[in-house]
Amino acid sequence: MWARLAGMSRYIATPNLAKYRLFAWFDIRVCPDHQLIVFACDDDTMFGILHSRFHEAWSLRLGTSLGKGNDPR
């Protein structure tokens, strides 16, 4: 991961488990732990794609469910 992040000033990360999927920019000085999923890219296009309704529909269709209420995982 650190080799992929070399030369970047920021990266995108999201919590591993959350009720709502949020993506955020993190400074390269922040060391992520095992509870974050990291995307090694620093362009705004990828950030926009991850927040799009098309990505949400795709991830809900291909993802699994958790709990009684079939919460997306």
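How many aromatic pairs does a search of the whole structure find? The search finds three. Two of them are described below, after some notes on the model and its layout.

1. Confidence. This is a predicted model. The chain has a mean pLDDT of 86, and 92% of its residues reach 70 or more. Strand 2 has the highest confidence in the chain, at a mean of 95, while strand 5 (residues 71-72) has the lowest, at 68. Statements about strand 5 should be read with that value in mind.

2. Overall layout. The chain contains three helices and five strands. Following the sequence from its start, the pattern reads α-β-β-β-α-α-β-β. The C-alpha trace spans about 40 × 25 × 15 Å along its principal axes. Of the 73 residues in the chain, 15% are buried. Among contacts with a separation of 6 or more, 36% are between residues 24 or more positions apart.

3. The sheet. Three strands make an open sheet with antiparallel pairing, and their order is 2-1-3. Strand 2 (24-27) and strand 3 (36-39) are at the edges; each has a single partner strand, so one side of each has no neighbour in the sheet. On average, neighbouring strands in this sheet are turned by 45° against each other, direction ignored. Strand 1 (residues 10-15) pairs with strand 3 over four bridges, in the antiparallel sense. Within these strands, Ile12 stands opposite Phe39.

4. The stacked pair. One of the three aromatic pairs is formed by Tyr11 and Phe26. Their rings are stacked, 5.8 Å centre to centre, with 10° between the planes. The two residues are 15 apart in the chain, with Tyr11 in strand 1 and Phe26 in strand 2, and the pair links distant parts of the chain. Are the two residues buried or partly exposed? Tyr11 counts as buried because its relative accessibility is 0%, under the 20% cut-off. Phe26 has a relative accessibility of 23% and therefore counts as partly exposed.

5. The edge-to-face pair. Phe23 and Phe39 form another aromatic pair. Their ring centres are 5.9 Å apart and their planes stand at 65°, so the pair is edge-to-face. Phe23 lies in the loop between strand 1 and strand 2, whereas Phe39 lies in strand 3, 16 residues apart. Phe23 is buried, with a relative accessible area of 8%. Phe39 is partly exposed, with a relative accessible area of 23%.

6. Thr14. This residue sits in strand 1. Thr14 counts as buried because its relative accessibility is 2%. Which backbone oxygen does the side chain of Thr14 reach? The side chain reaches that of Leu22, at 2.7 Å. Leaving aside residues up to four places away in sequence, Thr14 touches Arg21, Leu22, Phe23, Gln35, Leu36, Ile37 and Phe39. Both members of the edge-to-face pair, Phe23 and Phe39, are thus among the residues that Thr14 touches.

7. His55. This residue belongs to helix 3 (residues 53-62). A polar atom of the His55 side chain lies 3.2 Å from the backbone oxygen of Leu50. With residues up to four places away in sequence not counted, His55 touches Phe23, Ile49 and Leu50. Phe23 therefore appears in the contacts of His55 as well as in those of Thr14, and Phe23 is buried, at 8%.

Methods. Residues are numbered from 1 along each chain as its sequence is written. This is a predicted model: local features need pLDDT of at least 70, side-chain atom pairs count only at pLDDT 80 or more; totals for chains, interfaces and linings use all residues. Side-chain values use heavy atoms; hydrogens and water are left out. Two strands pair if DSSP finds at least two bridges between them. Axes are lines fitted to C-alpha atoms, for helices over the stretch in contact, and angles run from 0 to 180 degrees between N-to-C directions. A polar contact is a pair of N or O atoms within 3.5 Å; within protein, one must be able to donate a hydrogen and the other to accept it, and residues adjacent in sequence count only if both atoms are side-chain atoms. Contact means heavy atoms within 4.5 Å. pLDDT is the predictor's confidence in each residue, from 0 to 100. Rings of Phe, Tyr and Trp (its six-membered ring) pair if their centres lie within 6.5 Å; planes under 30 degrees apart count as stacked, over 60 as edge-to-face and the rest as tilted. Buried means under 20% relative accessible area, exposed over 50%, partly exposed in between (1.4 Å probe, protein chains only).
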